[in-house]
Amino acid sequence: MDAIRIHGGTPLQGEIVIGGAKNAALPLMAAALLSDEALTLANMPELADISTMSNLLRQLGVRIDQSALGAGEDDPSAGATRRTMTLKTDNIASVTAPYDLVRRMRASVLVLGPLVARHGEAKVSLPGGCAIGTRPVDLHLKALEQLGAKIELKQGYVHATVPKRLKGARINFPMVTVGGTENAMMAAALAEGETIIENAAREPEIANLAECLNAMGAQVSGGGTGTIKIKGVERLNAGRVAVIPDRIETGTYAIAAAITRGNVKLSGTRYDMLDAVFDAMRQAGVSVEDVDGGIVVSAKDRLRGIDVMTEPFPGFPTDMQAQWMALMATADGASMITETIFENRFMHVPELTRFGADVNVHGASAIVRGSAQLSGAPVMATDLRASVSLVLAGLAAKGETLVNRVYHLDRGYERLEQKLAACGADIERVGGS
Ligand code: UD1
C-alpha cells in the first residue's frame with residue numbers, strides 16, 4: 001500500500017494549477033443518465049472517485065469517451081492538461097447501483113433521481129455508515145416520494161419506482177443537503193409540471209448542476225440560491241458544460257502555502273467560492289490576494305489562532321475543517337473549531353497530536369492550542385480531508401513524516417505530490433507497509 005514521505009520545513013514557493021471540482025463533476029456525470037444524447041463535460045479532474053462513478057455509469061449503460069487536451073487548449077489560463085469526458089446513454093442497461101460501489105463512494109446515490117426520472121425505476125444500495133458519521137439518505141428519498149416515486153427498502157437496497165412520470169412538487173428540505181438537492185433537481189428536470197425546492201443547498205456545485213441541466217434543455221432557475229424552481233420538460237438533449245474549479249483543492253493548497261509560511265499563486269480557480277476560508281486566513285495573519293489569473297497566498301512568521309464553525313455554503317466548509325486544524329496547530333494562541341455538519345468528523349485529531357499538536361475535543365468542538373513547531377511522525381490517513389490535513393502538518397513539521405493509507409488522498413487530490421514538489425516541497429510517494 002502506498003505511503004507519502006515528507007521532509008517538512010520548506011516554505012512553498014511557486015504556482016499550483018487547480019483542477020476541476022470532484023464534487024461538481026460527480027453529479028454532472030450522473031446527469032448524463034437523463035438524456036439519450038451526448039453530455040460533454042470539460043475540465044474534468046482525474047481522480048479515483050471519477051473512475052468509480054465511470055464504472056458505475058458504464059454498468060447502467062452509459063458510454064464514456066475521454067480525451068486529454070494539451071496545455072491551455074480548452075482554457076488558455078489553465079496551463080495544464082485538461083480532460084474532456086463525453087457520456088451518452090442510448091439505453092438504460094441496468095437500474096442497480098450495487099453495494100460494492102456505493103460503499104466505496106457515497107456519491108453513487110446520485111444516480112437514484114436520474115434513473116427513476118428517465119426509466120421509472122432505480123435500485124440503489126443504502127450507503128450505510130461511513131468514516132465521518134451515519135450520513136443517511138432519508139431526505140433524498142423523501143424528496144423523490146414528494147415527486148411521486150414509490151420507495152421501498154429491501155435487503156439493504158432502496159427500490160424506487162414510478163409507473164408513468166414523476167410529478168412536480170414543493171420540496172422543503174428540513175436541513176441543507178447538497179446531495180439531496182442534486183437528486184431532487186435531476187429528478188424534477190424530467191417531471192411533469194413545476195417543482196420548487198426550498199431550503200436548497202447553495203453550494204457552487206449546485207449552480208454548476210443547474211447550468212448543466214439548462215445546457216441540456218432543462219428549465220431550472222435559482223440554482224445556487226435557497227429556492228430553486230424547475231419547470232419539468234419531457235426530454236433532455238445533448239449539452240456541454242465546464243466543471244467549476246475545485247474550491248476545496250484551492251483552499252487546501254492555500255493552507256499549504258500558509259502553514260509552510262511560503263508564497264504560492266493558485267491559478268485556474270475562483271476567489272468568490274472560498275470567502276469564508278479566506279476571511280479566516282486573513283484574520284489569522286495570512287495574506288490572500290485576488291490577482292489577475294489567480295490567488296496569491298503568502299504568510300510570514302507567526303499566525304494568530306482564529307475560531308471557525310463549519311456551516312453550509314457560504315459558511316466555512318466542513319471539507320476544510322481538518323486542514324484548518326493543521327494550520328491552527330502552528331498559530332499562536334487558541335482556536336476553537338466547531339463542526340456542525342457531520343458528527344464524528346474529528347478522526348484526524350489523534351493523528352495530528354502525533355505531530356505534537358495540542359488539540360482537545362469537547363463534543364462538536366475542538367480546542368487547538370498552537371505551538372511554534374510541529375515534529376514529523378508516522379501517521380495514518382482515515383478519510384479524504386483528514387488525510388490531507390496530515391500531509392499539511394507534515395509539510396510544516398521538522399523531520400520526516402510518513403502518511404500511510406494514502407488511497408484516501410487519491411479519491412480527491414490529483415497529482416498531489418507533484419503539485420507540492422513543484423513548489424519546493426520534499427515529498428515523495430513510496431511503497432508503504
Ligand atoms: C456533500 C459533499 C461532501 C461535503 C458535504 C457537506 C459531494 C459528493 N460530497 O456530501 O464532500 O462534505 O456535501 O458540504 O458533493 N443528511 C441527512 N439526510 C439526508 C442527507 C443528508 O440527515 O438524506 C445530513 C448528513 O448526515 C449531514 C448533512 O445532512 O449531516 C449534510 O449532508 P449533505 O449536504 O447531504 O452531504 P453530501 O451531499 O453527502
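**Entry 1: the cores**

Which residues have the most contacts inside the largest nonpolar core? I looked this up first, keeping in mind that I am working with a predicted model. The answer is L57 and M185, in a core of 81 residues. I then asked which helix gives this core its largest share, and found helix α1, residues 22-31, with seven residues. A second core of 71 residues lies apart from that one, and I noted L266, Y271, A299 and M320 among its members. That nonpolar residues gather like this fits a general habit: in soluble globular proteins, nonpolar side chains tend to be buried together.

Next I listed the contacts of L57, skipping its neighbours within four places in sequence. L57 is in contact with M29, A30, L33, V62, I64, L87 and V111.

**Entry 2: S54 in helix α2**

I moved on to S54, which sits in helix α2, residues 48-60. Is S54 buried or exposed? S54 has a relative accessible area of 3%, so I put it down as buried. Beyond four places in sequence, its contacts are M29, I64 and M85.

**Entry 3: helix α8**

Helix α8 covers residues 247-259, and I wanted to test its length. At 1.5 Å a residue, its 13 residues should span 18 Å, and I found the end C-alpha atoms 18 Å apart, which agrees. I also checked how covered this helix is: 13 of its 13 residues are buried.

What caps the N-terminal end of α8? I found D246 there, with a side-chain oxygen 2.9 Å from the backbone nitrogen of I248. Just after the helix, I noted R261 with a positive phi of about 55°.

**Entry 4: strand β17 and its partners**

I turned to strand β17, residues 294-298, and found five of its five residues buried. Which way do its residues point? G294, V296 and S298 point one way, while I295 and V297 point the other way. This matches what I expect, as in a regular strand the side chains alternate between the two faces of the sheet.

β17 pairs with two strands that I looked up. Strand β15, residues 263-267, pairs with β17 in the antiparallel sense over five bridges, and there I matched L266 with its bridge partner I295. L266 had already turned up in my notes on the core of 71 residues. Strand β16, residues 287-291, is also joined to β17 by five bridges and runs antiparallel to it. Here V291 has G294 as its bridge partner. The hairpin of β16 and β17 has two residues between the strands, and I noted that G293 takes a positive phi near 80° in it.

**Entry 5: a four-strand sheet**

In what order do the strands of the open sheet of four run? I read β22-β23-β1-β24, with mixed pairing. β22 (378-380) and β24 (426-431) stand at the edges with a single partner strand each, so one side of each has no neighbour in the sheet. The twist averages 20° from one strand to the next.

Inside this sheet I followed β1, residues 2-7, which is joined to β23, residues 400-404, by five bridges in an antiparallel run. One of the pairs I checked is R5, whose bridge partner in β23 is L402.

**Entry 6: K123**

K123 belongs to strand β7, residues 121-125. I put it down as partly exposed, at 32% relative accessibility. Leaving out residues up to four places away in sequence, K123 touches V95, T96, A97, Y157, V158 and H159. I also looked at L112, which is eleven residues from K123 in sequence and 7.5 Å from it in space, C-alpha to C-alpha.

**Entry 7: backbone oddities**

I closed with a backbone check, bearing in mind that most residues other than glycine have a negative phi, and most peptide bonds are trans.

Where does N43 sit? I found N43 in strand β3, residues 39-44, with a positive phi of about 60° although it is not a glycine. N43 is buried, with a relative accessible area of 11%.

N199 also has a positive phi, near 55°. It lies in the loop between β11 (194-198) and α7 (204-215), and at 32% relative accessibility it counts as partly exposed.

My last stop was the peptide bond from F313 to P314, which is cis with omega near 10°. P314 is in the loop between β18 (308-309) and α10 (321-328).

Note on methods: Residues numbered from 1 in each chain as written. Predicted model: local features only at pLDDT ≥ 70, side-chain atom pairs only at ≥ 80, totals over all residues. Heavy atoms only, no water. Expected span 1.5 Å × (residues − 1). Buried < 20%, exposed > 50% of the residue type's maximum accessible area, 1.4 Å probe, protein only. Polar contact = N/O pair within 3.5 Å; in protein donor to acceptor, adjacent residues only side chain to side chain. Core = buried A, V, L, I, M, F, W, Y, C linked by side-chain atoms within 4.5 Å. Contact = heavy atoms within 4.5 Å. Pairing = 2+ DSSP bridges. Axes fitted to C-alpha atoms, helices over the stretch in contact; angles between N-to-C directions.
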